[in-house]
Each structure stands twice: as C-alpha cells, then as structure tokens.
Amino acid sequence: MRGAPVVLGIESSCDETGAGLVRNGRLLGHAVASSMDEHARFGGVVPEIAARAHVHSFNPVVRGALEEAGLGMSDIGAVAVTTGPGLSGALQVGLAGAKSLAYALDVPLYGVHHLAGHVAADTLAHGPLPEPCVVLIVSGGHTSLLLVRDLVRDPIVHLGDTLDDAAGECFDKVARVFGLPYPGGPAVDRAAREGDARAVSFPRPLTGPRDDPYAFSFSGLKTAAARWAERHRGQVLPVADGAASLQEAVADVLTRKAVAACTANGVGTLVVVGGVAANSRVRSLAEERCATAGIALRVPPLRLCTDNGAMIAAIGDLLVRAGAQPAPLDVSIDPSAPLEYAALQPVARAPVTVS
C-alpha cells in the first residue's frame, strides 16, 4: 500500500485487550475485548484472570480490527504495543503477541507508553494536537496534568500528579461502599442522574491557596464519602444524592485545576483523556469552564476514552512518521514506567549472578 504504513496497535495493560489500525492519523478499524465481567465479582481486577483473558482474546481482536478495516495481515506495515505501565502478566501477553506478529510479517515494532496512547487517542477524532496544549489524564490508576508540545519528539512536562488515589480509583472504592457495582465510575455516573449534587458537602482536596496548584489528592474525598455512608447505617442510604455529590466534587477539582493550568501557562487548548473523561459531569463542567475562560476543549469520543488498541496504533503512527527508531529485539516491559516520552522501549536486564 502506498504512502505511510498501516500501523497495528496492541493494548493489554489491564482488563481490556485491544487492537487498532491507523494510517496517516486516520483510524481504519479497531476491536476491543473486555474481561471486566470476570473481575466484577471480586470488586476489582485480578491480574491472573486478566492475563489469561488476553491470551484468549489476542487473535480475535486482531482479526476483528482487520475485518473492520477491510485489510489483511499483509497490509500491516508496523506494530506498536503497550510496554507499560500496567499489570506485568497482562503486558507480557501483549508484547509477546506483538513481537510474534512483527517477526512473522518482517515489520518494525514500537514500544509505547500507555498514557501517551490516551493522549494520542484524541488525534484520531480531532486531528493533530496544538503545540503546546495542556492534557488532563484521568483514569482508574492515573490523574495528571501535563504540558505537551510535540507528543513524540519532546519530553512530556508534568505540571501535577495525584499524590494518592487517582480519580477513577476514588469512584471505584466509593461505589463499593455505596453498594454500587464494579466498575465504579460508570455506576456512580448512572446513579448521579437521579441525585442532587448539592445534597452532600464533600471536600475539594488541595484547592486551598497554600496547596500545590496542580497536584491532586482523592484519598480524603474517598474517606469523607465512606464516613457519610457510615452515618446512615441502619437507614436507607440516599445513594443517588451521594453519587451526584461525589461526582460533582471530583469534576470540580479536576476541571478547576486544569483550566487554571491552561491560564497560568498561556495555553489555549485543554485535552481531557482517559477512562474518567467519559464521565458526563466531568465533560459538561469542563465545557462550561473552558467556554468561560476562552479555552478550546478537546475530549475524545466515548469509545476512545477507555483502554483500546486504536490509541496505541495512533502513537505508533506518529512515531513512524517522525522517523523514530523501532524497538530492539530484546524490548521488554516496565509495569511502573513514569510518563516521560511517548516511546517506551525498555530492554530486559540479564539476571545478576552471585558467585
């Protein structure tokens, strides 16, 4: 095929197995298989179950993405795969599969950072990112404010990160206390539709004048919600009001800090990505505050907010077009990799022997 190659992206960092195909910034097809239902009865992701689900789902999602795109294996010109952060066993499954495909097809392999993939997901819907832009990443395990220039060439600047629980983690843990199902984020969002966001005065952590302006902390909010629920022991818990008030507190903190970061850094575009970017109140409050501040807001469509292979293919496509070096043959994983660059291509270290 002429022009830039078709890039296959593989995502397997947690409980979703994803494959996507991107060429020249355009999404051609993608497929996702989730093992979420298998984890629901445990109230959270079980790493061993996730890894086994990836083994079973890898081939079907790759075939599904190819079928949606109307392409065959021979059309793939490069493979990109998440090498971190994430669950070790889950990452290993995705990397092993990606290595096998790249070797069999004799095409280059690129290791990429999962969170950079979330940032790149927005480009599939809205085109290239403005340089610079402020990015708010909100997911089950990560909450960060970033200053992004060239996503695949420049280092990513962290303006602020969560000091404890991430926003999505707060939703999951409080949902369990409220008796809502896993995953907690969507459950809280649904319950909140029938509630009053002003019913409970939950705290807004780290929003005082002496606090770090861009750091996040949701542990105290989680505890406050649990204490509120405890005070209703023996009574009917007004779940809808609690969910609406919790959601409002999270959305308030996230959007307040994000808009302030844009203003302080003279940046005219805010990009909100990650699983919690699918939350209805986070999206609507971000729209309101960005409109008031004269800031352009970009949020990917819902299907690209949660983990998927399309976002990994998007980063791979950008790396290929930027002339980045492919991964070495012994590329490995880094389950706790910090987000510094979009490419993440760690090399496995030889074991240390003691004589």
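1. In this predicted model, helix α5 supplies the largest share of the lining of the largest pocket, namely six residues. The volume of this largest pocket is about 1,100 Å³.

2. The lining of the largest pocket comprises 36 residues, and those closest to its centre are S139, G140, G141, D172 and Y182. Two or more lining residues come from each of α4 (114-126), α5 (167-177) and α6 (184-192).

3. By class, the lining of the largest pocket consists of 15 polar, 13 nonpolar and eight charged residues.

4. The second largest pocket encloses about 330 Å³ of space. Its lining is formed by 18 residues, of which T123, P128, L129, L318 and R321 are the closest to the centre.

5. Which elements give two or more residues to the lining of the second largest pocket? They are α4 and α10 (309-321). The largest share of this lining, four residues, is contributed by α10.

6. The residues that line the second largest pocket divide into nine nonpolar, six charged and three polar.

7. One element deserves a remark in connection with both sites. Helix α4 gives two or more residues to the lining of the largest pocket, and α4 likewise gives two or more to the lining of the second largest pocket.

Technical notes
Residues are numbered from 1 along each chain as its sequence is written. This is a predicted model: local features need pLDDT of at least 70, side-chain atom pairs count only at pLDDT 80 or more; totals for chains, interfaces and linings use all residues. Side-chain values use heavy atoms; hydrogens and water are left out. On a 1 Å grid over the protein atoms alone, a cavity is a set of points where a 1.4 Å probe fits but cannot get out, and a pocket is an open set with protein on both sides within 12 Å along at least five of seven lines; lining residues have an atom within 4 Å of a point. Grid points are joined across faces, edges and corners, and a volume is the space filled by probe spheres set on the points. Ala, Val, Leu, Ile, Met, Phe, Trp, Tyr, Cys and Pro count as nonpolar, Asp, Glu, Lys and Arg as charged, and the others, Gly among them, as polar.
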